[in-house]
Amino acid sequence: MQSTVIAPSILSANFAKLGEEVDAVLAAGADWVHFDVMDNHYVPNLTIGPLVCEALRKHGVTAPIDVHLMVEPVDRIVPDFAKAGASMITFHPEASRHVHRTVQLIRSLGCQAGIVLNPATPVDVLDYVLADIDMVLLMSVNPGFGGQAFIPSALDKLRRVRSMIDASGRAVRLEIDGGVKADNIAEIAAAGADTFVAGSAIFNAPDYAGIIATMKAAVAGTRR
Ligand SMILES: O=C(CO)[C@H](O)[C@H](O)COP(=O)(O)O
Ligand SMILES: [Fe+2]
């Protein structure tokens with residue numbers, strides 16, 4: 001099991017003061033910045049691109065930036081995000097014609113690579129790529145919007161992917177994204193996640209440090 005990572009999704013931040021919002025969650029104990037890229041094609045929403053990632057780096061953000069690509073096609077935008085300062089880039093296999101090639105492309109540019117599985121995407125897509133990736137991201141909502149409810153079947157999927165990762169013997173992170181809250185993060189951690197994306201739960205909270213500390217304590221409680 002990898003160390004615990006809390007990655008606030010900036011989808012729920014106040015975009016009118018994004019730099020300050022990112023500084024605030026990092027100062028409050030967040031480990032990574034989760035950066036949701038939506039293209040109004042692969043998903044029915046439109047968000048932010050490499051210019052905003054680059055702007056956060058220029059603003060002084062040194063924490064890992066976890067770029068979650070919900071775009072189709074994938075490969076064309078990968079070099080722009082690597083150049084803009086992405087630390088890890090995850091993508092949906094349905095959005096790439098050549099999944100292994102996309103993984104190779106991301107890694108060749110010096111970023112960590114991850115595969116994202118939607119709630120209804122079977123785990124066997126990982127069979128021939130788990131040896132080449134750094135992270136699996138399981139969606140516990142359908143991609144496209146923040147603030148949705150956690151889909152319970154993601155817990156069983158977490159347990160299955162945790163077994164696959166453990167059997168591989170590789171240090172692959174298992175990230176969960178969608179509907180993660182203070183009151184369900186413990187059972188999500190117990191099911192095998194080590195990396196937790198939370199957007200609305202953190203950015204809608206009055207006290208960022210308080211909610212992040214509560215989440216970390218809940219995860220730590222499952223590790224004893
Ligand atoms: O990828 C995403 C949506 O496609 C977001 O990362 C996710 O929804 C986070 O938001 P919340 O924690 O509010 O569910
Ligand atoms: Fe995301």
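Glycine 178 sits in the loop between β7 (173–177) and α6 (185–190). This is a predicted model, so a word on confidence comes before the rest. The mean pLDDT of the chain is 98, with 100% of its residues at 70 or more. The scores are ipTM 0.98 and pTM 0.98.

**The sheet**

What order do the strands of the open sheet follow? There are 8 of them, running β1-β8-β7-β6-β5-β4-β3-β2, and the pairing is parallel. β1 (5–8) and β2 (33–38) are the edge strands, each pairing on one side only. On average, neighbouring strands of this sheet are turned by 25° against each other, direction ignored.

For a closer look at one pair, take β3 (residues 65–70) and β4 (residues 88–91): they pair in the parallel sense over 4 bridges. Valine 67 has isoleucine 89 in β4 as its bridge partner.

**Four annotated residues**

An unreviewed UniProt entry gives "binding site" for His34, Asp36, His68 and Asp177. These residues span 144 residues in sequence, yet no two of their C-alpha atoms are more than 10.6 Å apart, so they gather at one spot.

Histidine 34 belongs to strand β2, and its contacts beyond four places in sequence are Ala7, Pro8, Ser9, Ile10, Asp66, His68 and Val197. Aspartate 177 lies in strand β7. Leaving aside neighbours within four places in sequence, aspartate 177 touches His68, Leu137, Met139, Ser140 and Val197. His68 thus turns up in the contact list of histidine 34 and in that of aspartate 177.

**The longer list**

UniProt (again an unreviewed entry) also lists a "binding site" set that includes Ser9, His68, Phe145, Asp177, Gly178 and Ser200. Back at glycine 178, the contacts outside four places in sequence are Met139, Ser140, Val141, Gln148 and Phe150. Serine 200 is part of helix α7 (residues 200–203). With the same four-place exclusion, serine 200 is in contact with Ser12, Gly146 and Gly147; Gly146 and Gly147 are in the UniProt list too.

**Buried or partly exposed?**

Here is how the four residues described above come out.

| Residue | Other C-beta atoms within 10 Å | Class |
|---|---|---|
| Histidine 34 | 28 C-beta atoms | buried |
| Aspartate 177 | 26 C-beta atoms | buried |
| Glycine 178 | 25 C-beta atoms | buried |
| Serine 200 | 18 C-beta atoms | partly exposed |

Why does serine 200 count as partly exposed? Being buried takes 20 or more such atoms, and serine 200 has 18 C-beta neighbours inside 10 Å.

Definitions and conventions
Residues are numbered from 1 along each chain as its sequence is written. Chains are lettered from A and ligands numbered from 1 in the order in which they are written. This is a predicted model: local features need pLDDT of at least 70, side-chain atom pairs count only at pLDDT 80 or more; totals for chains, interfaces and linings use all residues. pLDDT is the predictor's confidence in each residue, from 0 to 100. Two strands pair if DSSP finds at least two bridges between them. Helices (H or I, at least four residues) and strands (E, at least two) are DSSP runs, numbered from the N terminus. Axes are lines fitted to C-alpha atoms, for helices over the stretch in contact, and angles run from 0 to 180 degrees between N-to-C directions. UniProt positions are given in the numbering used here, feature names are shortened, and annotations may be inferred rather than shown by experiment. A residue is buried if 20 or more other C-beta atoms lie within 10 Å of its own, exposed if 12 or fewer, and partly exposed in between; C-beta atoms are placed from the backbone. Two residues are in contact if their C-beta atoms, placed from the backbone, lie within 7 Å.
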